[in-house]
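Here are my notes after going through the model you sent. They run point by point, so read them with the structure open.

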Amino acid sequence: MHTVKEASQITGLTEHAVRFYTDKGLVPSVQRNQNNIRMFDEESINWLLGVKCLKQSGMPIEVIKMYVDLCLEGDSTIPQRCTLMMEHKEEALVKLEEAKQHVAHLEQKIDLYQAILEHRSPDTTNPGSWDKIQHMHCDVFYTPSVRKA
């Protein structure tokens with residue numbers, strides 16, 4: 001049997017994460033000793049490693065809990081677990097596309113800053129001076145008259 005500290009060292013999780021996951025019901029086989037201290041057997045360590053894997057994929061705690069509950073019901077839930085993984089993958093792909101858009105926007109900003117640094121463009125990045133210039137930002141053209149409306 002392992003303590004929280006030992007479970008943390010074995011799994012690479014923080015002690016806080018080990019406690020948090022057990023408190024959320026994600027480690028169904030965790031036991032408590034006579035002093036109410038969490039004790040982890042090999043099965044508990046496996047649950048922690050499984051939770052860690054799912055968490056690293058970006059899966060929310062609530063969905064991990066659903067997965068754990070399905071696992072506890074047995075092999076008859078394999079189709080539901082597969083569906084859960086496919087849905088999570090689709091959500092991850094949406095987030096990936098959003099991240100690609102963020103990177104593209106940042107690349108445009110960096111190009112603008114390079115142009116400013118090379119004196120090829122005036123500094124249009126400072127909102128404090130936008131009242132002195134016409135500024136194109138996020139596909140919206142800001143002018144003093146638009147801001148007053």
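1. A term to settle before anything else: buried means under 20% relative accessible area, exposed means over 50%, and partly exposed is what lies in between. Keep in mind too that this is a predicted model.

2. Start with the pair in helix H2. Glutamate 15 has a relative accessible area of 30%, so it is partly exposed, and arginine 19, with 34%, is partly exposed too. Their side chains meet in a salt bridge, 3.5 Å from N to O. Why can these two reach each other along the helix? They are 4 residues apart in H2, which puts about one helical turn between them.

3. Arginine 38 deserves a careful look. This residue sits in strand E2 (residues 38-39) and counts as buried, because its relative accessibility is 13%. Its side chain forms a salt bridge with the side chain of aspartate 23 (2.6 Å, N to O). Since arginine 38 is in strand E2 and aspartate 23 in helix H2, the pair ties together parts that are 15 residues apart in sequence. Aspartate 23, for its part, is exposed, at 53% relative accessible area.

4. There is more around that arginine. The side chain of arginine 38 also makes a polar contact with the side chain of threonine 22, at 2.9 Å. Leaving out residues up to four places away in sequence, arginine 38 touches a list of residues that includes His2, Val4, Arg19, Val30 and Gln31.

5. Another salt bridge links glutamate 118 and arginine 120, with the closest N and O atoms 2.8 Å apart. Here glutamate 118 is partly exposed at 45%, while arginine 120 is exposed at 58%. The total for the model is 5 salt bridges.

6. On to helix H3, residues 42-56: its 15 residues reach 21 Å from first C-alpha to last, close to the 21 Å expected. At its start, a side-chain oxygen of aspartate 41 comes to within 3.2 Å of the backbone nitrogen of glutamate 43. After the helix comes glycine 58, with a positive phi near 90 degrees.

7. Which residues of H3 are buried? They are Ser44, Ile45, Trp47, Leu48, Val51 and Leu54. Their cover includes helices H1, H2, H4 and H5.

8. If you were wondering about disulfides, the structure holds 0. Cysteine 53 is partly exposed at 48%, and cysteine 82 is partly exposed at 41%.

9. Last, the record: an unreviewed UniProt entry places a "coiled-coil region" at residues 89-116. In the model, that stretch is 100% helix and 0% strand, with its end C-alpha atoms 40 Å apart.

Terms used:
Residues are numbered from 1 along each chain as its sequence is written. This is a predicted model: local features need pLDDT of at least 70, side-chain atom pairs count only at pLDDT 80 or more; totals for chains, interfaces and linings use all residues. Side-chain values use heavy atoms; hydrogens and water are left out. The expected span of a helix is 1.5 Å times one less than its number of residues. Buried means under 20% relative accessible area, exposed over 50%, partly exposed in between (1.4 Å probe, protein chains only). Contact means heavy atoms within 4.5 Å. A polar contact is a pair of N or O atoms within 3.5 Å; within protein, one must be able to donate a hydrogen and the other to accept it, and residues adjacent in sequence count only if both atoms are side-chain atoms. A disulfide is a pair of cysteine sulfur atoms within 2.5 Å. UniProt positions are given in the numbering used here, feature names are shortened, and annotations may be inferred rather than shown by experiment. A salt bridge is a side-chain nitrogen of Lys or Arg within 4 Å of a carboxyl oxygen of Asp or Glu.
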